[in-house]
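User: I would like to learn how to read the main features of a protein model. Can you take me through one, feature by feature?

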Amino acid sequence: VATGQVGAEPVVWIWSAKTLRGPQDPTGRSKPVMLQLPYGHRGVVVLGFDKTGAKLATVSTDDEHTVTIWDWKTKTVEAQGSACQGIPPMCWGIVWNPFQGDAGAHPADFVTYGIKHVMFWTMGGAAGLEPGAASFDVCEQQDILVACFLSSNHCLTGGPNGRIYIFEDGMGVKEVQAHAEGK
């Protein structure tokens with residue numbers, strides 16, 4: 001489990017939900033792992049592990065909503081990028097693609113979402129982390145409350161208006177009314 005703090009120099013703690021202690025090191029001892037975010041990040045609003053559990057993504061409450069990818073075992077930052085600009089919290093969630101690398105799967109490694117935005121992220125390349133803003137195209141742009149990847153080349157998102165938005169390669173291709181607004 002990973003939990004984040006709010007403060008001038010926020011930290012993220014990695015610990016075991018089963019033992020309420022940190023992960024075991026090679027000697028069998030367990031102590032929580034602490035990741036220190038830079039001064040000015042103000043807090044952690046969103047975080048999530050990739051499908052292997054080796055990488056952790058955090059989104060800070062700074063004005064850039066900085067996304068940081070950690071190798072939490074070595075406490076090193078692998079990449080950083082800006083999710084969106086605005087008064088925090090603009091970003092409400094992150095979901096890693098569990099199908100990344102599978103044939104026909106969505107090419108993004110993970111997605112961040114929140115107030116009127118969806119951002120598809122790909123690891124690698126010269127910058128280390130490439131953001132790609134979703135194009136709502138045929139879909140009405142709304143706040144996004146939830147997202148999930150499918151084994152096909154699609155990502156589904158949902159908003160408070162009761163609609164499910166279907167994205168293909170970062171492009172909104174269809175919206176479906178799933179339930180009445182506000183339900």
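Analyst: We go from the overall fold to single residues. Keep in mind that this is a predicted model.

User: Start with secondary structure. How many helices and how many strands are there in the protein chain?

Analyst: The protein chain has 15 strands and zero helices.

User: How do I read the radius of gyration of the protein chain?

Analyst: Set it against the value for a compact globule. For 183 residues that value is near 16 Å; the protein chain has 17 Å, so the two agree. The box adds the dimensions: along the principal axes, the C-alpha atoms fill roughly 55 × 40 × 40 Å.

User: What share of the residues is buried?

Analyst: Of the 183 residues, 42% are buried. The accessible surface of the chain is about 9300 Å², and carbon and sulfur atoms hold 56% of that surface.

User: And contacts along the chain? What share of those with a separation of 6 or more joins residues 24 or more positions apart?

Analyst: That share is 40%.

User: Show me one residue in detail. Is Thr 157 buried or exposed?

Analyst: Use the cut-off: buried means under 20% relative accessible area. Thr 157 has 2%, so it counts as buried. Thr 157 sits in strand S13, residues 155–158.

User: Which residues is Thr 157 in contact with, leaving aside neighbours within four places in sequence?

Analyst: Its contacts include Val 118, Ile 144, Val 146 and Ala 147. Arg 163, Ile 164, Tyr 165 and Phe 167 are also in contact with Thr 157. Keep Arg 163 in mind; it returns below in a salt bridge.

User: Now charges. What is the general idea?

Analyst: Side chains of opposite charge can pair when their charged atoms come close. In this chain there are 13 positive and 18 negative side chains. The centres of the two sets lie 12 Å apart.

User: How many salt bridges does the count give?

Analyst: Four. Among them is Asp 63 with Arg 42, at 2.7 Å from N to O. This pair links distant parts of the chain, 21 residues apart. Asp 63 is in the loop between S5 (55–60) and S6 (66–71), and Arg 42 is in the loop between S3 (33–36) and S4 (44–49).

User: Which salt bridge pairs residues in strands S7 and S5?

Analyst: Glu 78 and Lys 55 meet at 2.8 Å, N to O. Glu 78 lies in S7 (76–82) and Lys 55 in S5, so the pair ties together parts 23 residues apart in sequence. Glu 78 is partly exposed at 35% relative accessibility. Lys 55 is partly exposed too, at 24%.

User: And the one with Arg 163?

Analyst: Its partner is Glu 175, at 3.2 Å, N to O. Glu 175 is in S15 (171–177) and Arg 163 in S14 (163–168), so this bridge ties together parts twelve residues apart. Glu 175 is partly exposed at 26%, and Arg 163 is partly exposed at 23%.

User: Last, backbone angles. Which residues other than glycine have a positive phi?

Analyst: Arg 42 is one of them, with phi of about 65°. Arg 42 is partly exposed, with a relative accessible area of 37%. Lys 116 is another, with phi near 50°.

User: Where does Lys 116 lie?

Analyst: Lys 116 is in the loop between S9 (110–114) and S10 (117–123). At 41% relative accessibility, Lys 116 counts as partly exposed.

Technical notes. Residues are numbered from 1 along each chain as its sequence is written. This is a predicted model: local features need pLDDT of at least 70, side-chain atom pairs count only at pLDDT 80 or more; totals for chains, interfaces and linings use all residues. Side-chain values use heavy atoms; hydrogens and water are left out. Helices (H or I, at least four residues) and strands (E, at least two) are DSSP runs, numbered from the N terminus. The radius of gyration is taken over C-alpha atoms; the globule rule is 2.2 Å times the number of residues to the power 0.38. Buried means under 20% relative accessible area, exposed over 50%, partly exposed in between (1.4 Å probe, protein chains only). Contact means heavy atoms within 4.5 Å. Accessible areas come from the Shrake-Rupley method with a 1.4 Å probe; for residues, only the protein chains shown count as cover. Lys and Arg count as positive and Asp and Glu as negative; His and the chain ends are not counted. The place of a charge is taken as NZ of Lys, CZ of Arg, CG of Asp or CD of Glu. A salt bridge is a side-chain nitrogen of Lys or Arg within 4 Å of a carboxyl oxygen of Asp or Glu.
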